[in-house]
Amino acid sequence: MATSNGSHPAATPTPPEPLRGRVAIVTGGSGGIGAAVTAHLASLGARVVVGYVGDPAPAEQLVAALNSGSLAPRAVAVDADVSDPAQVARLFDAAQAAFGPELHVLVAAAGVQDAAYPPIADTTPEQWDRAFGVNARGAFLCCREAARRLARGGAGRIVTFSSSNVGSLRPGYGAYVATKAAVEAMTKVLAKELAGTGITANSVAPGPVATPMFYAGKSEERVAAVARECPMARIGEPDDVAPVVGFLCTDAAGWINGQVIRVNGGYV
């Protein structure tokens with residue numbers, strides 16, 4: 001739109017670090033897509049809390065790399081089982097202890113998938129419960145804490161992780177797909193429940209991505225077949241997904257809310 005003197009207003013430049021001054025918690029943040037998201041959010045200026053469970057080495061290595069050359073810590077690692085409400089609360093407590101009382105971003109990337117890919121008829125209650133315990137219950141507990149604690153007024157961002165398998169509906173993914181469908185529905189409801197807070201809630205649904213979780217239990221032939229099914233003729237990389245998550249965490253994405261973003265190269 002032209003101004004009164006006929007000139008056009010200059011476009012507002014995008015800040016080089018649009019998340020500077022903000023604090024982000026990334027569950028499952030030490031490996032696979034989660035690690036790429038953690039590093040990307042840090043590159044956008046955020047101070048990051050790397051939630052992990054089990055072996056601390058990957059999280060500690062990532063945190064050391066992100067803090068290298070920085071006078072003040074930009075990243076911390078916190079061991080937290082997302083299926084345990086007390087540990088989820090402790091994760092948020094640790095974030096506030098490290099970076100101050102105001103928290104801005106939750107990325108709920110922690111997830112599990114059974115490498116046996118059992119059909120529903122052969123899925124045990126224990127396999128079903130494990131998938132739901134981490135993928136659905138874990139996302140719920142983290143979103144519940146974020147809804148209570150994230151900053152109001154426009155900077156709050158919740159990004160959950162679904163899967164493009166919710167669209168492809170592959171045999172052998174029954175329990176996994178059920179968990180992710182639950183996450184998608186919960187995220188859409190949450191976005192509406194957060195009306196008036198300025199906090200957005202969206203879900204990112206990657207397709208096949210080259211991570212240990214994807215490769216587990218798959219033959220080379222199956223991996224090659226999956227790549228052929230994608231219009232881009234390859235398996236995705238974590239760095240294909242991280243920038244989409246990063247964008248959803250910025251002010252530029254403030255009008256995107258209650259959505260599921262499929263990030264899969266056209267796979268579905």
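Biologist: What does Arg222 touch, leaving out residues up to four places away in sequence?
Modeller: Arg222 touches Arg170 and Glu229. Bear in mind that this is a predicted model.

Biologist: Which helix is Arg222 in?
Modeller: Arg222 is part of helix α8, residues 220-229.

Biologist: And is Arg222 buried, partly exposed or exposed?
Modeller: Partly exposed. The relative accessibility of Arg222 is 32%, and the partly exposed class runs between the 20% and 50% cut-offs.

Biologist: Switching to helix packing. How do α1 and α9 sit against each other?
Modeller: Helix α1 covers residues 32-43 and helix α9 covers residues 238-248. Their axes come within 8 Å and cross at roughly 50°.

Biologist: Why are α1 and α9 called oblique?
Modeller: Angles under 35 degrees count as roughly parallel, and 65 to 115 as roughly perpendicular. The crossing angle is roughly 50°, so α1 and α9 are oblique to each other.

Biologist: Is the crossing left-handed or right-handed?
Modeller: Right-handed, as α1 passes α9.

Biologist: Which residues make that contact?
Modeller: From α1, they are Gly32, Ile33, Ala36, Val37, His40 and Leu41. From α9, they are Pro238, Asp239, Val241, Ala242, Pro243, Val245 and Gly246.

Biologist: What classes are they?
Modeller: The contact of α1 with α9 has nine nonpolar residues, three polar and one charged.

Biologist: On to the core. How many residues are in the largest nonpolar one?
Modeller: That core has 33 residues. Val37, Leu41, Val107, Phe161 and Val245 have the most contacts inside it.

Biologist: Which elements supply at least two residues each?
Modeller: The strands are β1 (23-27), β2 (47-52), β4 (105-108) and β5 (157-161). The helices are α1, α2 (57-67) and α9.

Biologist: Which one gives the most?
Modeller: α1, with six residues.

Biologist: Val245 came up twice. What does Val245 touch?
Modeller: Leaving out residues up to four places away in sequence, Val245 touches Val37, Val107, Val159, Phe161 and Val204.

Biologist: What other core lies apart from the largest one?
Modeller: There is another core of 28 residues, including Val88, Leu141, Leu150 and Ala201.

Biologist: Last topic, Gly266. Where does Gly266 lie?
Modeller: Gly266 is in the segment after β7, which spans 260-263. With a relative accessible area of 43%, Gly266 is partly exposed.

Biologist: How are Gly266 and Cys230 separated?
Modeller: Their C-alpha atoms are 6.1 Å apart, while along the chain Gly266 and Cys230 are 36 residues apart.

Key. Residues are numbered from 1 along each chain as its sequence is written. This is a predicted model: local features need pLDDT of at least 70, side-chain atom pairs count only at pLDDT 80 or more; totals for chains, interfaces and linings use all residues. Side-chain values use heavy atoms; hydrogens and water are left out. Axes are lines fitted to C-alpha atoms, for helices over the stretch in contact, and angles run from 0 to 180 degrees between N-to-C directions. Helices (H or I, at least four residues) and strands (E, at least two) are DSSP runs, numbered from the N terminus. Angles under 35 degrees count as roughly parallel, over 145 as roughly antiparallel, 65 to 115 as roughly perpendicular and the rest as oblique. A crossing is left-handed if the near helix is turned anticlockwise from the far one by less than a right angle, and right-handed if clockwise. Contact means heavy atoms within 4.5 Å. Ala, Val, Leu, Ile, Met, Phe, Trp, Tyr, Cys and Pro count as nonpolar, Asp, Glu, Lys and Arg as charged, and the others, Gly among them, as polar. A nonpolar core is a set of buried Ala, Val, Leu, Ile, Met, Phe, Trp, Tyr and Cys residues joined through side-chain atoms within 4.5 Å. Buried means under 20% relative accessible area, exposed over 50%, partly exposed in between (1.4 Å probe, protein chains only).
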